Amino acid sequence: KQWYQRRVRATDAKSRSQVNNLDLILNTIPVAHDIQPYIEMLGTNGTLVQLGLVGTPSPIVPFSLCMNRKSVSGSLVGGIPAVQEVIDFCFEKNIYPDTELIDTSQLGDVYDKLESGNDGGIRFVIDIEKSAAM
């Protein structure tokens with residue numbers, strides 16, 4: 001199989017059209033969310049991998065796993081070597097997060113976005129040099 005990356009979102013109609021079509025989903029959503037729509041996008045023998053800890057349990061419909069031998073697994077951060085391996089893999093496959101560079105004056109707005117769910121899935125990165133110069 002050829003490797004390719006595709007972003008899927010449970011709220012996106014185009015993504016939802018991928019029902020029973022994807023082999024692997026790396027779920028990096030760091031807040032409580034419904035994973036069932038993502039499970040439905042997995043094809044036969046597909047796997048959803050939750051990367052990182054989400055403190056709230058996610059309900060799963062067991063029938064949706066059994067019918068097509070789908071699975072759900074998870075991984076916490078496994079130390080520096082494991083993190084480096086994932087970073088190297090992502091770099092090799094051109095998989096990058098969506099980021100937004102901010103300065104410290106924007107922290108209040110960013111906090112509000114994160115509290116409301118961060119539906120865009122953006123990773124916020126603080127520009128320390130710009131912030132220090134303010």
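In this predicted model, the side chain of K130 forms a salt bridge with D103, and the closest nitrogen and oxygen atoms of the pair are 3.8 Å apart. Because K130 belongs to helix α6 (residues 128-133) and D103 to the loop between β4 (99-102) and α5 (107-115), this contact ties together parts that are 27 residues apart in sequence. The two partners are placed in contrasting surroundings: D103 counts as buried, at 7% relative accessibility, whereas K130 is partly exposed, with a relative accessible area of 48%.

The count of salt bridges comes to two, and another pair is formed by the side chains of K93 and E92, with a distance of 3.5 Å from N to O. In this pair, E92 is exposed, having a relative accessible area of 57%, while K93 is partly exposed, with a value of 26%. The count of disulfides, by contrast, comes to zero. As for the cysteines C66 and C90, C66 counts as exposed at 58% relative accessibility, and C90 is buried with a relative accessible area of 17%.

Parallel strand pairing was found between β1 (residues 22-27) and β2 (residues 42-51), which are joined by five bridges. Between these two strands the chain passes through helix α2 (residues 36-41), and the resulting β-α-β crossover is right-handed. Within this pairing, the bridge partner of I25 in β2 is L48, and that of L26 is V49. Strand β2 also pairs in the parallel sense with strand β3 (residues 71-75), again over five bridges, and here L51 stands opposite S75 of β3.

The largest nonpolar core comprises nine residues, namely L22, I25, I35, Y38, I39, M41, L42, L48 and L65. At least two residues of this core are supplied by each of β1, α2 and β2, and the greatest contribution, three residues, is made by α2. The bridge partners I25 and L48 are both members of this core. Another member of the core is L42; when residues up to four places away in sequence are not counted, L42 touches N20, N21, L22, D23, L24, I25, T47, L48, K70 and S71. The contacts of L42 thus include the core residues L22, I25 and L48.

Terms used
Residues numbered from 1 in each chain as written. Predicted model: local features only at pLDDT ≥ 70, side-chain atom pairs only at ≥ 80, totals over all residues. Heavy atoms only, no water. Pairing = 2+ DSSP bridges. Helix = DSSP H or I, 4+ residues; strand = E, 2+ residues; numbered from the N terminus. Right-handed = clockwise from strand over helix to strand, strands pointing away. Core = buried A, V, L, I, M, F, W, Y, C linked by side-chain atoms within 4.5 Å. Buried < 20%, exposed > 50% of the residue type's maximum accessible area, 1.4 Å probe, protein only. Contact = heavy atoms within 4.5 Å. Disulfide = S-S within 2.5 Å. Salt bridge = Lys/Arg side-chain N within 4 Å of Asp/Glu carboxyl O.
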